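Biologist: I am new to this protein and would like a close look at one part of it, the salt bridges, with enough of the surroundings to place them. Please take your time over the answer.

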Amino acid sequence: MMIPDRSEYLKGLAQTGQKIMGVLPALYPRELLWAFDIHAAEIWDPPGEILHANAHLQTTICPIVKKSLEFILKDPDIINAGYLFPHTCDSLQNLGTQVKDLIGVSLPVYTFYNPKGSFNNTTIKYYRDILQNFQLTLETIYRPLDPEKLLTACELSHKIDSHLLAIHQARMTNHLSLSNEEYFKLMRAQEYLLPADYLNLLEQVDILDQPGESLKTRLMVSGILPPTSKILEFLDELGVSIVADDLLAGSRRIPKFSMDAPSSPIDYLTDRFFVLPPCSTRGGDLDERMHHISTRMKDSRAQGMLFDMVKFCEPELFDHRLLVKTLREKSIPVLTLETELEHHISGQDKTRIEAFTELLFDMVST
Ligand code: SF4
């Protein structure tokens with residue numbers, strides 16, 4: 001399975017004249033953008049040193065915001081249709097305001113204020129309103145929305161979700177012969193591939209008829225992004241398989257269960273938003289989140305939990321203490337690492353991962 005390189009792929013697309021919008025994490029109505037022929041290139045952890053962004057930000061801001069701003073300040077050619085800032089957290093909301101009003105970029109800057117809290121009449125109405133407002137905003141810049149195109153975009157999104165759900169299920173039950181690194185590379189390709197190309201990639205994934213050989217240790221990972229490739233490689237070397245995730249860039253963006261095929265786009269998009277798994281960035285009930293995590297751990301037979309925490313991520317830190325406490329009360333081993341999205345793995349982290357893995361091996365063999 002060949003996954004195109006992100007930068008080369010986006011450069012190639014921009015050269016063909018494709019409209020490309022830079023989209024900050026994490027939840028946004030991608031289908032609306034597709035219906036306007038705008039490709040969403042998500043910006044989570046662009047490579048490169050942080051040189052100029054620090055001058056605009058407090059020191060206690062997470063590296064995702066810092067790296068994203070550094071990327072935006074470079075005024076990259078591949079982004080030609082503006083930037084979209086969903087309201088994921090206060091830091092991203094502030095960054096959107098700063099980029100729009102203070103720093104200033106030559107491209108349009110859009111915001112999308114996702115509702116916080118759970119599914120009820122008020123949040124549903126609010127979500128429908130912001131979808132329609134976003135549609136009107138795009139119509140003033142582009143053209144009136146073609147309802148057929150939105151329906152087609154929703155159908156494409158539904159197919160992608162169905163494949164992702166099947167792949168997640170296969171991962172949990174050993175029906176996928178991908179290493180940790182290969183698996184998360186596949187998951188993250190949706191951040192930059194055209195939806196049709198991503199669907200094509202997912203269709204090539206080989207889901208085994210019979211469960212494959214089980215690695216010695218099974219782990220669930222929670223956080224914003226998957227662990228860096230160095231950590232994933234190291235876990236592969238140690239014989240540890242990440243069998244389930246509670247990641248904002250991963251399963252928290254896929255509906256909890258298979259939805260009916262779309263017939264009314266606005267209904268479909270609204271329903272889809274409210275059947276996403278619980279997430280620290282959407283507020284809501286922590287017990288519900290804990291229940292969801294426990295169910296995933298049970299279904300995947302994960303023996304331990306790795307919290308890979310982005311430094312200074314307030315929403316995640318808010319839930320983390322109670323999640324750890326509850327898991328430990330259930331005698332589930334927990335390891336917490338902190339990341340600044342660096343590309344190496346520190347000696348200290350290696351030692352902690354090795355010790356944690358040994359603990360899990362011992363549990364399995366007793
Ligand atoms: S890592 Fe946390 S604080 Fe940073 S952008 Fe993501 S949700 Fe916001």
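To start from the whole, how many helices and strands does the secondary structure of the protein come to, and which side chains then meet in salt bridges?

Modeller: The model is a predicted one, and its secondary structure comes to 13 helices and eight strands. A compact globule of 366 residues would have a radius of gyration near 21 Å, and the protein, with 20 Å, agrees with that. Along the principal axes, the C-alpha trace spans about 65 × 50 × 40 Å, and 54% of the 366 residues count as buried. Among contacts between residues at least 6 apart in sequence, 73% join residues at least 24 apart, and the salt bridges described below include pairs that link distant parts of the chain.

Now to the part you asked about. Side chains of opposite charge can pair when their charged atoms come close. The structure holds 18 salt bridges, and one of them is formed by the side chains of Lys149 and Asp37, with 2.8 Å from N to O. Lys149 lies in helix α6 (residues 147-172), while Asp37 lies in the loop between α2 (30-35) and β2 (38-42), so this pair ties together parts that are 112 residues apart in sequence. Both ends are partly exposed, Lys149 having a relative accessible area of 29% and Asp37 one of 36%.

Helix α6 also takes part in another bridge, in which the side chains of Asp161 and Arg272 meet at 2.7 Å, N to O. Here Asp161 in helix α6 is linked with Arg272 in helix α10 (residues 265-274), across 111 residues of the chain. In this pair the ends are buried: Asp161 has a relative accessible area of 4%, and Arg272 counts as buried at 11%, because the limit for that word is under 20%.

A further salt bridge joins Glu316 and Arg252, whose closest N and O atoms are 3.1 Å apart. Glu316 belongs to helix α12 (residues 314-329) and Arg252 to the loop between β6 (240-247) and α10, so that the pair links parts of the chain 64 residues apart. Glu316 is buried, with a relative accessible area of 4%, and Arg252 is buried as well, at 1% relative accessibility. This bridge does not stand by itself, since salt bridges that share partners join Asp246, Arg252, Arg289, Glu316 and Asp319 into one network.

For a buried residue whose side chain makes polar contacts, one may turn to Asn180, which is placed in helix α7 (residues 180-188) and counts as buried at 1% relative accessibility. Its side chain makes a polar contact of 3.1 Å with the side chain of Arg171, and a polar atom of that Asn180 side chain also lies 2.8 Å from the backbone nitrogen of Ile242. Leaving aside neighbours within four places in sequence, the residues in contact with Asn180 include Leu232, Leu235, Asp236 and Val240.

The surface offers another kind of grouping, for Leu359, Met363 and Val364 make a nonpolar patch of about 240 Å². Leu359 is placed in helix α13 (residues 347-365) and counts as partly exposed at 41% relative accessibility. Over the whole protein, about 16,800 Å² is exposed, and carbon and sulfur atoms supply 52% of that area.

Technical notes: Residues numbered from 1 in each chain as written. Predicted model: local features only at pLDDT ≥ 70, side-chain atom pairs only at ≥ 80, totals over all residues. Heavy atoms only, no water. Patch = residues over 30% accessible without salt bridge, like charges linked within 9 Å, V, L, I, M, F, W, Y side chains within 5 Å. Areas by Shrake-Rupley, 256 points an atom, 1.4 Å probe, with all protein chains shown as cover. Salt bridge = Lys/Arg side-chain N within 4 Å of Asp/Glu carboxyl O. Helix = DSSP H or I, 4+ residues; strand = E, 2+ residues; numbered from the N terminus. Buried < 20%, exposed > 50% of the residue type's maximum accessible area, 1.4 Å probe, protein only. Rg over C-alpha atoms; globule rule 2.2 N^0.38 Å. Contact = heavy atoms within 4.5 Å. Polar contact = N/O pair within 3.5 Å; in protein donor to acceptor, adjacent residues only side chain to side chain.
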